[in-house]
Each structure stands twice: as structure tokens, then as C-alpha cells.
Amino acid sequence: MCDRFGIDSPIFGFAHDVETVAAITNAGGFGVYGATRRFPEEITEELAQIRRLVGNRPFGVDLVLPPGMPEHNSREAIQAEIPAEHTAFVQQLIERYNVPQASKPGMRTRFIRSKEIEDAQLRAVMESDVDMLACGIGAPADVVGEARDRGKTTLALIGSPHHVPKAIAAGVEIIVAQGYDAGAHTGPIGTYSLVPQIVDAAGDIPVLAAGGVATGRHIAAALAMGAQGVWLGTAWLLSEEHQGDMHPVNRDKLLQAGSADTVITRSESGKPFRQVRTGWSQAWEADGAPAPLKMPYQDVLVGDLLGAIEEHSIEPLIHSGAGQSIAYFKDVRPVAQIMQALIDETAQALQTQGQFLRSE
Ligand SMILES: Cc1cc2nc3c(=O)[nH]c(=O)nc-3n(C[C@H](O)[C@H](O)[C@H](O)COP(=O)(O)O)c2cc1C
């Protein structure tokens with residue numbers, strides 16, 4: 001990985017803001033910008049900003065391209081299909097917590113996921129000079145093919161060994177094996193069980209381990225399991241660079257959270273999503289709560305409310321996606337420090353490996 005990309009360590013970092021992504025790359029890793037909620041013109045501008053910050057060093061962009069999304073960006077059409085029970089439940093949450101209206105749509109309702117918007121996002125990515133396209137959910141063969149033709153490395157995140165043949169058939173060059181521990185959208189198989197299975201199924205395709213990686217001990221373990229590097233998301237939430245995007249209440253909740261304080265809920269997006277447990281996840285788990293809708297209906301149902309909760313600082317409901325590794329992050333540090341600690345500890349952990357059997 002290091003030779004292929006000219007990076008110093010095979011540590012890939014996913015983040016939702018330009019500064020953190022650039023800092024990961026500038027610290028010798030490989031930063032990847034989560035752009036799935038950005039308008040196409042924002043993607044063009046933000047990828048150019050990252051390029052200015054990293055110079056010739058490599059960075060990537062991540063889009064979520066789930067199959068089965070509607071053709072057009074029509075909120076009204078989706079809204080019309082939302083059951084009255086769900087609308088009433090959300091209204092009752094708004095009243096119980098006294099949430100004023102948001103002044104603008106939330107992150108999940110700025111636009112509605114559709115093929116139309118995905119195509120425009122992909123145009124922005126293809127025409128940029130970003131070095132890698134990471135496919136978060138779904139890796140369509142035509143998208144992978146075009147990115148490769150344009151000289152971009154292609155990568156897919158997967159959570160089950162069953163998805164390996166499809167990813168390989170689509171032409172991806174790197175697979176991220178993302179286990180259950182991971183923050184945000186995640187699957188049912190634990191990282192330890194998942195990574196070696198995906199390594200075996202992937203053959204010559206290199207694999208990065210994701211989900212629960214927080215220390216050099218985890219990185220040494222990932223290498224021992226056959227991964228060629230690691231991919232981290234939760235680790236950067238408490239980086240100094242990311243704090244511009246972080247609500248202070250969220251920061252405190254993250255700083256205090258242990259591994260058992262995260263839960264998987266479909267209430268965020270319609271797909272299983274790991275986040276810190278709060279009044280939000282508990283409301284959706286309570287007796288009488290309706291089952292969350294599928295994506296993108298749940299986005300439309302809750303998107304504005306999620307925006308209002310942050311805008312008006314509704315403390316009990318404020319929450320963030322985070323993985324079980326959040327337990328390891330107890331202070332706010334610059335990306336370069338987080339990276340150096342990972343590298344130093346990996347070297348130390350690798351030194352002690354090979355001392356498993358009694359020498360005599
Ligand atoms: C807050 C948050 C948001 C995320 N959003 C995305 C996303 O939009 N697309 C994606 O492919 N992965 C997303 N991820 C998952 C990361 O890419 C990564 O696989 C995961 O964080 C690795 O596990 P870890 O959280 O234990 O480090 C997100 C992770 C977090 C913590």
C-alpha cells in the first residue's frame with residue numbers, strides 16, 4: 001500500500017470535512033472525504049480545496065451508491081408515501097422535546113438520495129483529480145470502470161464475505177472489510193471474524209481492515225489477519241481539525257462514551273447505523289415506536305428534525321455516528337498526534353509478535 005500510493009503508513013482515514021482529510025494525508029496516511037451528502041458543485045470545490053492543502057500527496061472521495069434509489073430528486077413523491085403513523089410519531093417527538101422548526105433542511109434532507117443526484121455527484125468526482133473513489137454502499141461496475149479508466153484507484157467497503165465476488169466482478173482494486181464494531185452504517189459480522197474471511201475470498205485483491213481499529217495493537221492484529229492496512233472513521237471524530245463541524249454537546253457525549261454506549265439503529269437513515277446511545281435511539285426503541293422506514297423514506301421522515309435538534313441544541317436528542325472504538329478516544333488531539341500514536345504503537349506491537357511459543 002505504501003509503495004503503491006507513496007504514503008508513509010497504510011492508515012486510511014475517512015472523514016466528513018476537508019481539514020481532517022487533508023491532515024490525514026499530510027500526516028503520511030491516506031485521507032478520504034465523505035461526500036455523499038454534498039451537492040455536486042460543493043464536491044468539485046471541496047476536492048479542489050483538499051488538493052490545494054495536500055499538493056501531490058494522494059487522497060480519496062467516498063460516495064454511498066445504494067441500489068434501488070428513486071430516479072429523481074423528488075421530496076414530495078416520497079413524502080406522499082410516508083405512513084401517517086410515522087409522521088405522528090415524529091410530531092410527538094417534536095412536541096415532547098419542544099423542538100423549534102429548523103431554519104434550513106437538515107443534512108439528510110438537503111437533497112433526497114436519487115439516481116439523478118448520484119449521477120451528478122459522480123460527474124463531479126470523475127472530472128476532479130481525486131486519486132481514489134471509495135464506494136461506501138454499492139459499487140456499480142460502470143462507475144468502477146469509468147473511475148479506473150480515468151486513473152483513479154477504486155475501493156469498496158463490504159461487511160460480508162458473500163459480497164466479495166460481486167465487488168471483484170465490478171472491478172474494484174481494494175476491499176475494505178468493515179466489521180460490526182464500526183461507526184455509522186455497518187453489518188452484522190464482527191471485525192475479527194470478518195477480516196480473515198474476506199482476505200481469503202479476495203485472493204490477490206488487497207484488503208484493509210475497518211471497524212474498531214483504534215490503537216497500534218489493532219493495526220498489528222489487522223496485519224496478522226492478512227490485511228495490508230487499516231481504514232478508520234471513529235478515530236478522527238475527536239481530532240482538533242474536525243471540531244469545526246462538531247456540536248459541543250456531541251463532543252462531550254463522544255468524550256464520555258465507552259464501547260457499550262453505542263447502539264445500532266435504523267432510525268437515522270433506514271439502514272443499520274451505529275451511533276452513540278441517546279434519547280434519539282431510545283425513543284425509536286421504546287414500546288409503541290414504529291419500525292423505521294427504509295432508505296430514503298426514513299431520511300425524509302427525520303432529516304429536518306435531525307437538523308433542528310442540532311440547530312436548537314436539544315441536548316437529550318443530539319447524537320453522532322460512532323463506533324465501539326470511541327472508548328479509546330478520551331481527548332481532542334491534532335490528527336498528526338493521533339497518527340503518530342498509531343504508528344509508534346504498531347511498531348511496538350509488531351516487535352512483540354513472534355514470541356508466542358516457548359523458545360526451548
Ligand atoms: C460519523 C461517521 C460517518 C460515516 N459515514 C460514512 C459514509 O458516508 N460513507 C462510508 O463509506 N463510510 C462512512 N463511515 C464509515 C467509515 O468509512 C469507516 O468504515 C468506519 O468508521 C470504520 O470503523 P470505525 O468507526 O470503528 O473506525 C462513517 C463513519 C462514521 C464514524
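# A barrel, a ligand and a few odd residues

Biologist: How many strands does the closed barrel have, and in what order do they run?
Modeller: This is a predicted model. Its closed barrel is built with parallel pairing. The barrel has 8 strands, and their order is β1-β2-β3-β4-β5-β6-β8-β9.

Biologist: By how many degrees are neighbouring strands of this sheet turned against each other on average?
Modeller: Direction is ignored for this value. On average, the turn between neighbouring strands of the sheet is 25 degrees.

Biologist: Which residue in β9 is the bridge partner of Gly13?
Modeller: Strand β1 covers residues 11-15, and strand β9 covers residues 229-232. The two pair in the parallel sense over 3 bridges. Gly13 has its bridge partner in β9, and that partner is Leu232.

Biologist: Which strands does helix α2 touch, and what angle does its direction make with that of β2?
Modeller: Helix α2, residues 18-26, packs on the sheet. There it touches β1, β2 and β3. Between the directions of α2 and β2 the angle is about 165 degrees.

Biologist: How far apart are the end C-alpha atoms of helix α6, and what span should its 12 residues have?
Modeller: Helix α6 runs over residues 115-126. At 1.5 Å a residue, its 12 residues should span 16 Å. The end C-alpha atoms agree with that, because they are 16 Å apart.

Biologist: Which residues of α6 are buried, and what covers them?
Modeller: The buried residues are Ile117, Glu118, Gln121, Leu122, Ala124, Val125 and Met126. Residues three or four places apart in an α-helix point the same way, because there are 3.6 residues a turn. The cover over the buried residues of α6 includes α3, β3, β4 and α7.

Biologist: Which residues come nearest to the ligand?
Modeller: There are 19 residues around the ligand. Of these, the nearest are Asp62, Gln178, Gly212, Gly233 and Thr234.

Biologist: How far is an N or O atom in the side chain of Asp62 from an oxygen atom of the ligand?
Modeller: Several polar atoms lie by the ligand. A polar side-chain atom of His16 is 3.4 Å from a ligand nitrogen atom. A polar backbone atom of Gly211 is 3.3 Å from a ligand oxygen atom. For the side chain of Asp62, the distance to a ligand oxygen atom is 2.8 Å.

Biologist: Is Gly159 buried or exposed?
Modeller: Gly159 is found in the loop between β5 and α8. The cut-off for buried is under 20% relative accessible area. Gly159 has 17% relative accessibility, so it counts as buried.

Biologist: How far apart in space are Gly159 and Gly211, and which residues does Gly159 touch?
Modeller: In sequence, Gly159 and Gly211 are 52 residues apart. In space, C-alpha to C-alpha, they are 9.8 Å apart. Leaving out residues up to four places away in sequence, Gly159 touches Gln178, Ile189 and Leu194.

Biologist: Where is the cis peptide bond from Met295 to Pro296 placed?
Modeller: The bond from Met295 to Pro296 is cis, with omega near 5 degrees. Pro296 sits in the loop between α12 and α13.

Biologist: What is phi of Ala184, and where is this residue?
Modeller: Ala184 is partly exposed, with a relative accessible area of 26%. Its phi is positive, in a residue other than glycine, and near 65 degrees. The place of Ala184 is strand β7.

Biologist: What is phi of Ser313?
Modeller: Ser313 lies in the loop between α13 and α14. At 39% relative accessibility, Ser313 counts as partly exposed. Phi of Ser313 is also a positive value in a residue other than glycine, near 50 degrees.

Key. Residues numbered from 1 in each chain as written. Predicted model: local features only at pLDDT ≥ 70, side-chain atom pairs only at ≥ 80, totals over all residues. Heavy atoms only, no water. Helix = DSSP H or I, 4+ residues; strand = E, 2+ residues; numbered from the N terminus. Expected span 1.5 Å × (residues − 1). Buried < 20%, exposed > 50% of the residue type's maximum accessible area, 1.4 Å probe, protein only. Contact = heavy atoms within 4.5 Å. Pairing = 2+ DSSP bridges. Axes fitted to C-alpha atoms, helices over the stretch in contact; angles between N-to-C directions. Near = heavy atom within 4 Å. Polar contact = N/O pair within 3.5 Å; in protein donor to acceptor, adjacent residues only side chain to side chain.
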